[in-house]
Amino acid sequence: MSASQSKWNIFLLSLQKTLTPQLDTPVKVFYGVKGKERITNICRDAVIASYKQRISDLDRWTKGNFTPLKITDTEKSLHLEKRRFNERASRNIYLMEERYRREEFASQKAGRDFREAQLSFIKKMTEDRHSVSEEDLLMLRRMNDLRVLQAEGLVFFKQEREE
């Protein structure tokens with residue numbers, strides 16, 4: 001657990017280091033739905049979500065629950081989510097100013113390292129391959145949600161720069 005926790009700490013710090021200079025200010029986000037926009041601080045939202053998810057996971061694992069999603073076709077879902085993961089990472093790199101890209105690459109690497117460490121921990125805690133796949137899928141979905149949130153802010157600022 002300590003390796004996984006250490007990697008999570010590094011990931012969280014890296015996420016903050018990436019988002020703070022770019023998105024630590026109120027922005028208008030749409031989440032793909034016009035008319036449903038809201039003003040939010042993306043950096044703060046991402047950090048709070050990361051803490052809530054970590055607390056939820058630790059609580060769930062303490063109770064021996066390693067199947068958070070209760071789905072049947074995890075392999076197909078994992079394949080799709082991994083593809084989204086790569087697409088969204090590339091899109092965010094494209095959307096951001098070049099001066100922020102080095103930190104974004106570091107944050108993406110920290111996310112991958114955390115995911116690997118957490119999966120290693122989960123494999124030690126359960127021999128159920130389906131549970132490991134579900135945990136992996138959950139992590140990917142969460143990281144993708146963070147990337148969507150980040151992209152919303154980047155789009156906002158990109159539009160402002162172009163206007």
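## A walk through the helices

Start by selecting Arg115: at 15% relative accessibility, Arg115 counts as buried (buried means under 20% relative accessible area, exposed over 50%, partly exposed in between, with a 1.4 Å probe and protein chains only). You'll find Arg115 in helix α4; helices (H or I, at least four residues) and strands (E, at least two) are DSSP runs, numbered from the N terminus. Not counting residues up to four places away in sequence, Arg115 touches Lys82, Asp136, Met139, Leu140 and Met143, where contact means heavy atoms within 4.5 Å.

A word on what's on screen: this is a predicted model, with local features needing pLDDT of at least 70, side-chain atom pairs counting only at pLDDT 80 or more, and totals for chains, interfaces and linings using all residues. Residues are numbered from 1 along each chain as its sequence is written, and side-chain values use heavy atoms, with hydrogens and water left out.

Next, show α2 (residues 42-62) with α4 (residues 101-125): their axes come within 13 Å and cross at roughly 10 degrees. (Axes are lines fitted to C-alpha atoms, for helices over the stretch in contact, and angles run from 0 to 180 degrees between N-to-C directions.) That makes α2 roughly parallel to α4, the label for angles under 35 degrees (over 145 is roughly antiparallel, 65 to 115 roughly perpendicular and the rest oblique). For the contact itself, pick Arg54, Asp57 and Trp61 on α2, then Phe114, Gln118, Phe121 and Ile122 on α4.

Now color the largest nonpolar core, which has 29 residues; such a core is a set of buried Ala, Val, Leu, Ile, Met, Phe, Trp, Tyr and Cys residues joined through side-chain atoms within 4.5 Å. α1, β1 (26-29), α2, α3 (74-95), α4 and α5 (129-162) each chip in at least two residues, and α5 gives the most, with 9 residues. Ala46 is one of those with the most contacts inside this core. Setting aside neighbours within four places in sequence, Ala46 is in contact with Leu15, Leu19, Leu146 and Leu149. Apart from this core lies another, of 7 residues, including Leu119 and Met139.

Last stop: Ile71, in the loop between α2 and α3. Is Ile71 buried or partly exposed? Ile71 is partly exposed, with a relative accessible area of 25%. Beyond residues up to four places away in sequence, Ile71 touches Ser77, His130, Glu134 and Leu137. Try a distance to Asn9, too: Ile71 and Asn9 are 62 residues apart in sequence and 29 Å apart in space, C-alpha to C-alpha.
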